[in-house]
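Please go through the model below with this report at hand. The topics are backbone outliers, enclosed and open spaces, one helix and two residues towards the end of the chain.

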Amino acid sequence: MNWYEKLSEYFPIEEMKSKEHMEALLNDKKNIYRKEEGPHHVLMFVETESFIFIDYLFVSAQSRGAGIGRKLLDSLKQKGKPIILEVEPVDYEDTDTEKRLKFYARENFHHARRIGYSRRSLATGEQNDMEILFWSPDDADEESVYEAMKMTYEDIHTYKDETFYGEPYDPAEKVLVFSTEKKKCILEPYLA
């Protein structure tokens, strides 16, 4: 099974970029968009001078609990930059969502409680609410996380969207919101 098939089997369709989109990013934006893979994992990420965005992190079911995910995150943490990622809210019918949140809580990720993120899937037409998690070596503030997320959305998520999907994604101003009020922390139940 190739890297894209692994990701497609694990991530829901509304979160997946097309293979053509991801290959274009790997080719056209190779200075910032990267793929790291092994027999039991796939890591797709953006690395800029000031932050890292994890686009996809997959560890095969038979290898979970073996420390692969932690090793991958540790290699990114060693770069000394804030690490940002998107997660779907807990779905109690899908135990993987809760396991993911527990994993990121153990890895000292924080919930960006002032950032709202809701985008329409071009694959399904449905609105998908996502949460933003981040880790920072120097206590990055949520405003800088918001700016990094906005850049990621504009430069990566919507890259050549009309070419690959036949229509554009909504503009960043409609998808991402920075609020003065904090939302409930989704990681709180998993912090021990």
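N108 sits in the loop between helix 4 (95-106) and strand 5 (110-111). This is a predicted model. The phi of N108 is positive, at about 65 degrees, although N108 is not a glycine.

K160 is another non-glycine residue with a positive phi, here near 50 degrees. Its loop runs between helix 5 (142-157) and helix 6 (161-165). K160 has a relative accessibility of 41% and therefore counts as partly exposed, since that class lies between the 20% limit for buried and the 50% limit for exposed.

**Spaces**

How many cavities of 30 Å³ or more does the structure hold? The count is 1. The largest cavity has a volume of about 40 Å³. The largest pocket has a volume of about 660 Å³. The table sets out the lining of each by residue class.

| Space | Volume | Nonpolar lining residues | Polar lining residues | Charged lining residues |
|---|---|---|---|---|
| Largest cavity | about 40 Å³ | 1 nonpolar | 1 polar | 4 charged |
| Largest pocket | about 660 Å³ | 15 nonpolar | 5 polar | 14 charged |

The lining of the largest cavity consists of E14, E15, E86, R119, N128 and M130.

The lining of the largest pocket takes in 34 residues. Which of them lie nearest its centre? They are Y10, L57, R100, F103 and Y104. Strand 3 (52-59), helix 3 (68-77), strand 4 (83-87) and helix 4 are the elements that each give two or more residues to this lining.

**Helix 5**

At the start of helix 5, D141 makes a link to the backbone. A side-chain oxygen of D141 comes to within 3.2 Å of the backbone nitrogen of E143.

Where around the axis do the buried residues of helix 5 lie? The buried residues are E142, V145, Y146, A148, M149, T152, Y153, I156 and H157. Their arc around the axis is only 165 degrees, so they lie on the same side of helix 5.

**Y165**

Y165 is located in helix 6. Is Y165 buried, partly exposed or exposed? Its relative accessibility is 21%, so Y165 counts as partly exposed; the limit for buried is under 20%.

Y165 and S18 are 147 residues apart in sequence. In space, their C-alpha atoms are 8.3 Å apart. S18 is also one of the contacts of Y165, along with K17, H21 and L122, when neighbours within four places in sequence are left aside. With H21, the link is a polar contact of 2.8 Å between the two side chains.

**D170**

D170 is in the loop between helix 6 and helix 7 (172-175). Its relative accessibility is 15%, so D170 counts as buried, being under the 20% limit. What does D170 touch, not counting residues up to four places away in sequence? The partners are R120, Y153 and V175. Y153 is also among the buried residues of helix 5. The contact between D170 and Y153 thus brings the loop residue D170 up against helix 5.

Methods:
Residues numbered from 1 in each chain as written. Predicted model: local features only at pLDDT ≥ 70, side-chain atom pairs only at ≥ 80, totals over all residues. Heavy atoms only, no water. Helix = DSSP H or I, 4+ residues; strand = E, 2+ residues; numbered from the N terminus. Buried < 20%, exposed > 50% of the residue type's maximum accessible area, 1.4 Å probe, protein only. 1 Å grid on protein atoms, 1.4 Å probe; cavity = no way out; pocket = protein on both sides within 12 Å on 5 of 7 lines; lining within 4 Å. Points joined across faces, edges and corners; volume = space filled by probe spheres on them. Nonpolar A, V, L, I, M, F, W, Y, C, P; charged D, E, K, R; others polar. Arc of directions from axis to C-beta. Polar contact = N/O pair within 3.5 Å; in protein donor to acceptor, adjacent residues only side chain to side chain. Contact = heavy atoms within 4.5 Å.
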